[in-house]
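User: Hey, got a minute to walk me through a structure? I'd like to start with the aromatics.

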Amino acid sequence: ARLEVIMASMPDGIVVFTPDGGIQSWNPATEELFGHRGDELARCNISQLVLRQRDQPYRARELIQHLWSRRHERLEVFGVRKDGALLYLELAIDRIRHTDPPQYLAIVHDVSARKQAEADLDRMANFDPLTHLPNRSLYLDRLRIELIRARRYRRQLAVLFLDLDDFKKVNDSLGHLAGDLLLQEVAHRLSGVLRESDTVARFGGDEFAFIVADLAASDNWRTLATKILAALASPFHLEGRELFIKASIGVSLFPEHGNDPHTLLRHADIAMYRAKRRGHNQICCYDPSMETETTRRVAMKSQLHRALERNEFQLLYQPKVATDSRRIIGMEVLLRWHSQTLGPVSPVCFIPLLEEMGLIQEVGRWVLRTALTQTLRWQKSTRRPLEVAVNISSCQIDEAGFGAEVIAVLEELGFPAHCLELEITESILMEGTEVIQRNISALRERGVRFAIDDFGTGYSSLSYLRNFAFDTLKIDRSFLQNLDDERDLALAGHIVAIGHSLDLVVVAEGVENEAQLDIVTRLGCDLVQGYLFYRPMEADAMTALLHKPEV
């Protein structure tokens with residue numbers, strides 16, 4: 001009776017069983033643990049309650065063998081409840097002395113909560129909580145293992161680094177919840193294109209990394225990279241909106257581009273930035289020549305932080321000339337950077353960095369104020385309503401306060417709004433956010449003019465001309481370089497006709513010789529820009545030019 005009281009008070013299950021697994025006795029905790037009534041346990045074999053693996057029973061003789069071979073070690077097993085639920089258990093087994101036939105005692109301790117906590121900690125340490133993909137730490141562990149295998153079996157391996165293009169704009173326009181939903185769907189699609197032997201991990205933000213092991217051919221990575229971009233090509237549906245996402249992918253290969261995880265990842269990252277600079281949905285494989293470019297890129301980013309306060313930026317002005325009168329009607333403002341340490345840096349290089357670093361807004365404000373102040377001086381000194389065109393980045397016009405900022409500067413300076421023209425590209429319109437549309441509408445209501453720049457190089461150009469009220473259409477200079485081709489000539493003619501049918505002023509950019517001037521004049525272009533008339537010039541040179549009577 002005393003033994004029964006002790007057994008009943010034990011929180012752990014206690015089971016007495018025979019060598020063939022028959023259950024002889026048990027305590028109440030055992031019934032509660034496994035969900036069986038007493039009469040049901042009496043008909044059970046211990047192999048029905050504990051498993052070696054999830055579908056492999058532990059036979060009584062195996063439990064007894066463990067007793068003799070590892071007497072003092074607890075045995076970790078799975079337990080099976082009556083309802084089929086699995087438990088994590090620890091068994092301590094011993095023989096009951098002086099019994100014939102022999103009997104054995106198993107003390108059953110439920111460690112399910114501990115195992116779950118350990119699994120949760122492991123998940124937190126190794127998996128991204130948002131997408132449930134491996135995180136950087138687990139990715140690096142797997143990459144180390146795959147590199148060991150690749151060396152042993154002399155196989156090639158690829159590391160792919162993917163970055164979503166313009167993901168920040170989704171967060172800014174739709175909110176972080178929508179951004180999180182998008183990342184989850186992206187992760188789901190990326191996982192769907194991989195082989196079982198491959199790995200995709202989220203590194204944070206909108207960055208994902210892949211391990212493509214056992215490459216049979218040196219360019220097999222390209223097939224997977226193409227599949228990845230194809231998986232992201234179909235629209236994402238979030239909160240009743242249809243979004244299109246593009247990505248840039250950089251690739252590095254073992255052993256050509258590195259022998260350790262960090263080198264391969266760094267080289268894939270470098271290649272990814274090269275792909276991003278080429279445009280959307282690009283794939284680029286690492287090349288050692290990129291190292292020099294990356295070093296210069298780091299130096300540029302370092303210098304750009306203080307370029308404005310050091311007065312290293314400069315504005316040049318390129319006149320726009322009327323084709324009929326050959327007189328200057330205005331000018332386009334061009335931003336230039338002459339670094340104290342790097343020398344002259346091309347706008348193609350530094351403007352994307354300004355956008356990436358979040359400096360384009362501050363620099364853009366300086367450009368606008370400086371250009372308007374200078375143009376106002378010219379208007380007063382020449383007594384002519386000279387127009388000034390300023391290029392606007394998508395990062396600027398996609399900010400909620402952009403329209404109000406421009407209006408405030410116009411009012412402060414007393415600059416006539418109809419003499420300001422903001423140039424935006426088709427790619428900006430393709431983003432089509434509500435913020436962009438509101439800014440354009442607010443500025444147009446005040447009289448600010450808009451030009452669509454590099455027309456003919458994007459998509460759905462006609463729909464943009466219909467949906468947005470533009471004042472000026474600028475034909476991309478690439479058309480002028482091929483005007484000896486009849487098809488390009490016909491296309492340029494159609495573009496001019498479309499512009500005029502919508503009452504737009506048509507500007508031909510990049511006119512460099514008399515032959516080109518003659519053609520664009522015959523096509524009906526209203527204004528021209530190019531080296532044939534004037535190169536971009538500093539403000540002092542522009543001042544002298546504007547005061548010549550013939551211009």
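Analyst: Sure. Phe313, Trp337, Phe350 and Trp366 come together as one aromatic cluster. Keep in mind that this is a predicted model.

User: How many aromatic pairs are there in the whole structure?

Analyst: Searching the whole structure turns up nine aromatic pairs. Take tryptophan 337 and phenylalanine 350: their ring centres are 5.7 Å apart and the planes sit at 75 degrees, so that pair is edge-to-face.

User: Why does 75 degrees make it edge-to-face?

Analyst: Because planes over 60 degrees apart count as edge-to-face.

User: OK, and which parts does that pair tie together?

Analyst: Tryptophan 337 is in strand E16 and phenylalanine 350 is in helix H12 (residues 347-357), so the pair ties together parts that are 13 residues apart in sequence.

User: Are tryptophan 337 and phenylalanine 350 buried or exposed?

Analyst: Both tryptophan 337 and phenylalanine 350 are buried.

User: Switching to helix H22. Which of its residues are buried?

Analyst: H22 covers residues 539-546, and Ala539, Met542, Leu545 and Leu546 are buried there. Looking down the axis of H22, the buried residues fall within an arc of 120 degrees, so they line one face of the helix.

User: Why would residues spaced like that point the same way?

Analyst: An α-helix has 3.6 residues a turn, so residues three or four places apart point the same way.

User: And what covers the buried residues of H22?

Analyst: The cover includes strand E15 (313-322), strand E16 (328-339) and helix H13 (360-382).

User: Now for empty space. How many cavities of 30 Å³ or more does the structure hold?

Analyst: One. The largest cavity has a volume of about 40 Å³.

User: What lines the largest cavity?

Analyst: Val15, Phe34, Ile46, Leu49, Val50, Ala106 and Val108. By class that lining is seven nonpolar residues, with no polar and no charged ones.

User: What about pockets? How much space is in the second largest one?

Analyst: The second largest pocket has about 210 Å³ of space. Its lining has 13 residues, and the closest to the centre are Gln361, Gly364, Arg365, Phe402 and Glu405.

User: Which helix gives the largest share of that lining?

Analyst: H13, with six residues. H13 and helix H15 (402-413) each supply at least two residues of the lining.

User: And how does the lining of the second largest pocket divide by class?

Analyst: Five nonpolar, four polar and four charged residues.

Technical notes: Residues are numbered from 1 along each chain as its sequence is written. This is a predicted model: local features need pLDDT of at least 70, side-chain atom pairs count only at pLDDT 80 or more; totals for chains, interfaces and linings use all residues. Side-chain values use heavy atoms; hydrogens and water are left out. Buried means under 20% relative accessible area, exposed over 50%, partly exposed in between (1.4 Å probe, protein chains only). Helices (H or I, at least four residues) and strands (E, at least two) are DSSP runs, numbered from the N terminus. The arc is that of the directions from the helix axis to the C-beta atoms. Contact means heavy atoms within 4.5 Å. On a 1 Å grid over the protein atoms alone, a cavity is a set of points where a 1.4 Å probe fits but cannot get out, and a pocket is an open set with protein on both sides within 12 Å along at least five of seven lines; lining residues have an atom within 4 Å of a point. Grid points are joined across faces, edges and corners, and a volume is the space filled by probe spheres set on the points. Ala, Val, Leu, Ile, Met, Phe, Trp, Tyr, Cys and Pro count as nonpolar, Asp, Glu, Lys and Arg as charged, and the others, Gly among them, as polar. Rings of Phe, Tyr and Trp (its six-membered ring) pair if their centres lie within 6.5 Å; planes under 30 degrees apart count as stacked, over 60 as edge-to-face and the rest as tilted.
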